[in-house]
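With the structure open in your viewer, please follow the stops below in order, making each selection before reading on.

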Amino acid sequence: MELMDTTFNAWLMPALLAVPLVTALLVRLRGLLPTTQATWSAGFVGGLLTLGLVIVAMLAYDWRAGGVQMVIEAVWMPQLGLSFALGVDALSLWMMLVTALIMPVAALASDGRGQNAEERGAFFCWLHVLLASMLGALMARDVILFYAFFELTLLPTYVLIGRFGHVGRSRAATTVFVYGFVSALFTAAGLAYIAVHHASLAGFWSFRIDDLLATAPQMSASEQGWVFLALMLGFGVKTPLFPLHNWLPTAHQGSSADGAVDLAALVLKLGPYGILRIVLPMLPLAVVEYAPLLGVLGVIAILYAGLIAWVQPDAKSLIGYSSVSHMGFVVLGLFALDAKNIGSVGAAAYLVNHGVAVGGLLLCVGILYDRFRTRELGEVSGVAKVMPAWAFFFVFFVMASVGLPGLNGFVGELLTLMGTFLSRDVLGPVYALLAGLGLVIGALYLLRLAASFAFGPLKAVSYPNSGASSVDDVRDLSRREVASLAPLALFCLVFGLFPYPMLSTLSPAVSEMTARAQQHLHTHQGDGVRSASDTSSSTDVLVTERLVLEASE
């Protein structure tokens, strides 16, 4: 369902793209912003304006009606079915909120000192190009437009790592680009086949998602299987799905703190988003057929990456492998196909919440590196004695990543495991039990990370940028650093204690995306066809929320 509005909302969607792009141009023009501070201020304000527009979009959205709203469409080449179509639903809006929140936080964390206006302008330029491409992919209602924005994220990511990263940035940037470029070929092939099938069946070309949703499920099982393979290779790299994950730890190590935040908190979420938006609703036969295999890959990612993270000596590498492990839970939830869609709703909530928690964790590691010029776990310890404010935020984000009840990480993990356990026809208790072991492993390596840096005897190999003559005099968080961490911590706390607004709005949108796979699953097993309205009923949401609250208590 799409709701068209040609008045107020007609400018809102284009403005969400225009503001970051104009900001990118503004900070890059030589002479216009001659000082580093002016460039930083312009970049930061541009991020705040984008966040404000996303909040306006959330307020303007009719949450009771649901569906795709604020749709605008400009036909480009009607003979080929090409159009510039934008719109949002509940899933898009929640992910856009996190995207827009992370960007000004990353800008605030980067500060304006230590670089000239030229370098700082280039940094903010590419940061806002990444923001525009992320928002474009989340708003796109045309697969060509989605693909263009999806792949456009690769260019600013490459520059942010290769130009502004740390030691090993050239190798990290090249690795990210190669993985992303090769996977893009598979994504393009899969989307092209879906469009060709639509043209042969409907008699006209169209790349609009709603048009393709009407014809793509009519492909044969073998056709869906091949398209599923192509799209999962493309989206699987961005997730990252085991065994396509090797680029992520390398990228984490070579990127700066703010670059790593953008990578882990934003770019990685486009892979699962593509699976939800395109794969699940368009290829129901293949989804049901290969869901057990994806469940196995998800469990392997949880356990394998978790065990590797446990023995990592470098904090950012540890967080990189932990992200691979956490995305295994998302994959499990997406392909659980349980009767009440608890797993898929949990996976969507996990996508939103994980970016905030891991973003805060990476910023804390970046602050530590700024003080001591090391991320090695054995070289710094007892930091809580001299940086208690930093230790508070660091331990807080560790607990959010662990999934402590009352913080936002708990909700997604619980629901994905519940959905996996209740998915008797596809996955089941064995998958849930093995994934549950991953929770134990995750707690072990994340608590090891917290204990190594924050507690124990005070020790530091060096502290060249701390402004202190001894380790006892190392300065704690500045006001700017507190301001960059506090919004993320508040998000983790609010949506950990009150997850219902997010769950109740995500459930109808996600249930609509999984309805066809659910229908095929139940028809295939002789259990009858369950309508999409049943899967998205408010009763199921209330049951899910009640279970979350009971577990929290």
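Begin by selecting Val75 together with Ser83, its bridge partner in strand S3; bear in mind throughout that this is a predicted model. Widening the selection to residues 68-77 gives strand S2, and adding residues 82-88 gives strand S3, the two strands pairing in the antiparallel sense over six bridges. Between these strands, the hairpin has four residues, and among the residues of this hairpin you can pick out Gly81, which takes a positive phi near 75 degrees.

Next, move to residues 169-202, which form helix H7, the element that gives six residues, the largest share, to a nonpolar patch. To display that surface patch, which covers about 620 Å², select Tyr158, Phe177, Val178, Phe181, Val182, Leu185 and Phe186. Is Phe177 buried, partly exposed or exposed? This residue, whose place is in helix H7, has a relative accessible area of 34%, and it therefore counts as partly exposed, since that class lies between the 20% limit for buried residues and the 50% limit for exposed ones.

Finally, turn to the interior by selecting Met13, Phe335, Trp390, Phe394 and Phe397, the residues with the most contacts inside the largest nonpolar core, which has 191 residues. Adding residues 342-372 then shows helix H15, from which the largest share of this core, 19 residues, is drawn. If you colour the chain by domain, using 1-70 + 90-140 for domain 1 and 142-546 for domain 2, you can follow how this core takes at least three residues from each of them.

Conventions
Residues numbered from 1 in each chain as written. Predicted model: local features only at pLDDT ≥ 70, side-chain atom pairs only at ≥ 80, totals over all residues. Heavy atoms only, no water. Pairing = 2+ DSSP bridges. Patch = residues over 30% accessible without salt bridge, like charges linked within 9 Å, V, L, I, M, F, W, Y side chains within 5 Å. Areas by Shrake-Rupley, 256 points an atom, 1.4 Å probe, with all protein chains shown as cover. Salt bridge = Lys/Arg side-chain N within 4 Å of Asp/Glu carboxyl O. Buried < 20%, exposed > 50% of the residue type's maximum accessible area, 1.4 Å probe, protein only. Core = buried A, V, L, I, M, F, W, Y, C linked by side-chain atoms within 4.5 Å. Domains from an automatic or database assignment.
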